[in-house]
Amino acid sequence: MWQLLKANASYMLSGKLRSKNGYAPQRGHDVPQDFCGVGVATAANPAVDDYLIAQLKALNVLQVRLDFSYGDDINHNARFLQALHASGFKVMLHLVQPLVAAKLMHTEAAQHEWQVFVSNTLQRFISHIDIIEIGSTINRRRWAGYTLEGFLTTWQIAHDEVRRYPIKLAGPNITDFEPPYNIGLLAILQSRGQLPDIHTDNLFSERCTEPERDDHKVLGHRLAPLGGFRLVKKAFVLQEIGAHFGVPELQSPAAFWTLPRIHRLFPQGEQKQADYLARYMLLCAASGALQRANWGPLACHREGLIDDGVTTYPELERITHYAGVGSDLGQYRLRPAFAAMSTFNRLIPGMHYEGQLNQDDHLEVHAFSSPQHRIHALWTINGKAAAIADIYQSAQLAQAECITRDGVVLSGVPDLVTESPVYLRFAREMNTGIKAEAEVLPSLAIHAHAENACYKRYDQDGWQGLILGNSQHEADLLHGALNPVFIGKPPKEALLRNARNAVWRIQDPRDSSRQLVVKQPVKMHLHKKWLDRFKPSKAKRSWNGTNELLRRGIDAAKPVAYFELIDDDTLMQNYYICEYIAADFSARDLFIAFSHGEQSYQGVSQQQAYRQLCDYLLTMHGHGAFFRDLSGGNILIRKGENEKLHFSLIDTNRAHFFNQGTSLGKRLSDLTRICNKLHAQGRDEFMTMYMQALGKQFSWQHKLPFYIYNAKVDFKRKFGRKAIKRLFKRNK
C-alpha cells in the first residue's frame, strides 16, 4: 500500500495527470480493423451458441471477450470457446475467480486452486485464445473480493503461468476512471517485473450520462468543467499512464449503459442506449489512445445489445463476471443498440482518422477516410440540434450519402443533426471541408426520439423557426399552411386567453376535425422588455420547455411549431403553436373543489387525485425538471377509466432542466405554487405522500416555504397591481 501511495504522489506531482494531448482527439491515426468487440456468454442449450455466433457475424465484429471461471472447462463455456474459435473470432479469455475464492487468496489452498485452474486452462485452450486477461474490477472489492495483497498474489501466479506460452497478457482490469489504481498497480508490477503486455481499463462513461460530458465524479458537478475529464481526455490519461510504466497499449474490455440508469432521466432507454453506444465508439476510435473498445454483454436484459428475456439480476455484477445468458431463444430480441454497433463496425474500423472538423462543444463532426470514401460522423449532445445547411454547402449535401445510426440509407439529407448520430459518406476525391460557423442552433431544444418525429426549419419572409410533423409530408404541409406572416390577430370566437399572452385556437391543417393552439405575447412590462432582450423569444422558450419535458417522459401539449421575426425589437412578434388538449379539468379545479369540502370531483376521490398527481410530479422532478410556474391551471387533466388521470403541462416557457434529479429546494418552490389553492389539511396529506416517496417527512422546515408563498400571494391579491386596477375601476 505504501508503494501504491508513493507511486501516485510521484506521478501526480509531476503534472502528468493533465495529459499532454489535452482533451481533443488527435488526428492522423488508423482505426484498427478489430477495434470494436463485445462480451459474450452462453447457456447450456447448444442452440444458443449457434444463435449468438450468427448475431456476432451480423454485428461485423472480429473479436470477443469471454469470461471463464472454475468449472467452465467441463461445461457449456468450454464448448462455446471452441465454437468461437472455429468460427474465426479472436477471443480475449478473461479468467475470473469466484468471489469466495478471491477473498481467500491469502491462503495456500486458494492459491493452489487458482494455479491449477490457470495452468489447465492454458494447456487445453491455448490455441483457441488470442489474449489472456487477468483481474476483475479490482477497485471494487465488494464485486471482485480482492484485497490489494490478494490480487497481487493472484496476478503473480497467473503471470508466471502465462509467460510459459507465446500469448499476450492483459490486465489489471480497473473499472471506471480511477487512475490512482492504474498508477499504483502498474508501478508495483513494474517493480516486480510482472507487467502485462496490454493495459486494460473498463473505460465507462455511463456515470457521466453522456459520452461527451465532463466527469462530475472527479471534481463534482460544479467544478467538472475545470478538470475537463471527458472520455477522450480520460483515454489519453490512461494510455499515458500505461506508457509511463512500460505498457503503451490500452484496451477497454467492457463498457455499457444500463437501461435503469438511462431511465433516471429519459424514458426512451433503448434509443438512448443506441445513441450512447455509437457516440462512445466514435469518440474512442477518434482518440487514437485505445487499441480496442468493447461493449460489455452481448445478450442480457439490463444492458445487452440483445434482450435475452431474463429479468432477474445475477448476484455478481456482470462487469465483474458475465457468467451466462437465458436458454429460451424465443425470448431473445435485438435492441436498437445492436444495429448501432453493426453500423459502426461496417463503416469505421480500418478507416484513417482525419480529425474533428469543428470546435463547438455541443456539436461533433469527425472525419474518417479510406482509399474510396470519406465518412463524416455527426451528432449533438442530448436535446440539441444543428442545421445541416449551416455545416455544409448545398453542393456537398447533394453528393452525400446519408446513413442513420442504425444503418438505414436515407433518400435525402435531414434538415437537422441531432443527438442520434448520422454518417455522411462522400467520394474520396470530393472536398469535404465544413463551414467555419458550424455549431448547434443557439438556445434550441428538440426531442429527437419523439415518435415519427420529422423536423423542418422555417426561414423565409424575415421569419425563422422550426416545425414538427409526424412525417416529411406532414412537415411540408405545416410549412406551407402555418405561414407566420398571415397568422395575424386572434378572432374573438377562438380566443382562450388575452392577458400578457393571447392564446387562441386554429384549425389543424393536417386534419380539419382537430385544432391547434397559438400563443403570442401581446403585453410586456418595461423591465421585462429590457431583461428579455437577453433571452430567446417567448415562443422559442415555450418550444424548448415542452420538448425538454417530453424527452424526459413528462406529458405536455405536443409542440407543432414556433416562429419568430428576425431582429424584432418589440419582442412580441413570435408565435408558439401546439396541439389542443381537450381536458376535462385542471389541477386548480380539483384543489378548489377539495378546499370547499368536496370529497371527490367529477368522480375522482381526493386520495386518487393526490396519489396520481404526486406520482406525476415525482417523475417530473426526478427527471431533472424545475417548472417554475407550477400553478394548478397549468396542469390539464383528462379522465380515463377507473379514476385513471392523464396529466399534461402547458405554459412551459419558464421551466429549467438539469442532468440529475431536481434539488429539494427547487421541488418545494414548485409545490408551493400548486398547493396554494389547496386547504391546509389537503396540502399536508398531499405533501406527506410526496415526501414519503423521497424517504423524508413533511416537517415544519418544509412547511415554511408554503406559509411564505401563501402570504406573498395574499399580499399581491390585496395590494398588487391587479388589486389597484380593480380599486380604480370600482371608484370610477
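Student: Why is Tyr-146 called buried?

Tutor: Buried means under 20% relative accessible area, exposed means over 50%, and partly exposed is in between (1.4 Å probe, protein chains only). The relative accessible area of Tyr-146 is 6%, so Tyr-146 is buried.

Student: How is the model to be read, and how are its residues numbered?

Tutor: This is a predicted model, in which local features need pLDDT of at least 70 and side-chain atom pairs count only at pLDDT 80 or more, while totals for chains, interfaces and linings use all residues. Residues are numbered from 1 along each chain as its sequence is written, and side-chain values use heavy atoms, with hydrogens and water left out.

Student: How many aromatic pairs does the structure hold?

Tutor: The structure holds 28 aromatic pairs. One of them joins Tyr-146 and Phe-151.

Student: What makes the pair of Tyr-146 and Phe-151 edge-to-face?

Tutor: Rings of Phe, Tyr and Trp (its six-membered ring) pair if their centres lie within 6.5 Å; planes under 30 degrees apart are stacked, over 60 edge-to-face, and the rest tilted. Tyr-146 and Phe-151 are 5.7 Å apart centre to centre with 75° between the planes, and the pair is therefore edge-to-face. Phe-151 is buried too, with a relative accessible area of 1%.

Student: Why is the pair of Phe-204 and Phe-256 called edge-to-face?

Tutor: The centres of Phe-204 and Phe-256 are 5.0 Å apart and the planes stand at 85°, so both cut-offs are met. Phe-204 lies in the loop between strand S7 (198-202) and helix H9 (216-219), and Phe-256 in the loop between strand S8 (250-252) and helix H12 (259-262), so the pair ties together parts that are 52 residues apart in sequence. Helices (H or I, at least four residues) and strands (E, at least two) are DSSP runs numbered from the N terminus. Phe-204 counts as buried at 5% relative accessibility, as does Phe-256 at 6%.

Student: Which residues form one aromatic cluster?

Tutor: Phe-68, Tyr-70, Trp-114, Phe-117 and Phe-125 form it.

Student: How do you know that Lys-233 sits over the ring of Phe-229?

Tutor: A charge sits over a ring if NZ of Lys or CZ of Arg is within 6 Å of the ring centre and within 35 degrees of the ring normal. The charged end of Lys-233 is 4.5 Å from the centre of the Phe-229 ring, so the distance satisfies the definition. Arg-140 lies over the face of Trp-143, at 5.8 Å from the ring centre.

Student: What makes Asn-173 notable in its backbone, and is Asn-173 buried or exposed?

Tutor: Phi of Asn-173 is near 65°, a positive value in a residue other than glycine. Asn-173 lies in strand S6 and has 0% relative accessibility, so Asn-173 counts as buried. Strand S6 (residues 168-175) also holds Pro-172, which a cis peptide bond joins to Gly-171, with omega about 5°.

Student: Why is Thr-209 called buried?

Tutor: The relative accessible area of Thr-209 is 18%, which is under the 20% cut-off, so Thr-209 is buried. Thr-209 is in the loop between S7 and H9 and has a positive phi of about 80°, although it is not a glycine.

Student: What makes a space a cavity, and how many does the search find?

Tutor: On a 1 Å grid over the protein atoms alone, a cavity is a set of points where a 1.4 Å probe fits but cannot get out, whereas a pocket is an open set with protein on both sides within 12 Å along at least five of seven lines; lining residues have an atom within 4 Å of a point. Two cavities of 30 Å³ or more are found, and the largest has a volume of about 80 Å³. A volume is the space filled by probe spheres set on the points, and grid points are joined across faces, edges and corners. The lining of the largest cavity includes Phe-256, Arg-65, Asp-67 and Trp-295, and its largest share, three residues, comes from S9.

Student: How do you know that the span of helix H22 agrees with expectation?

Tutor: The expected span is 1.5 Å times one less than the number of residues. For the 14 residues of H22 (680-693) this should be 20 Å, and the end C-alpha atoms are 20 Å apart, so the two agree. Just after H22, Gly-695 takes a positive phi of about 75°.
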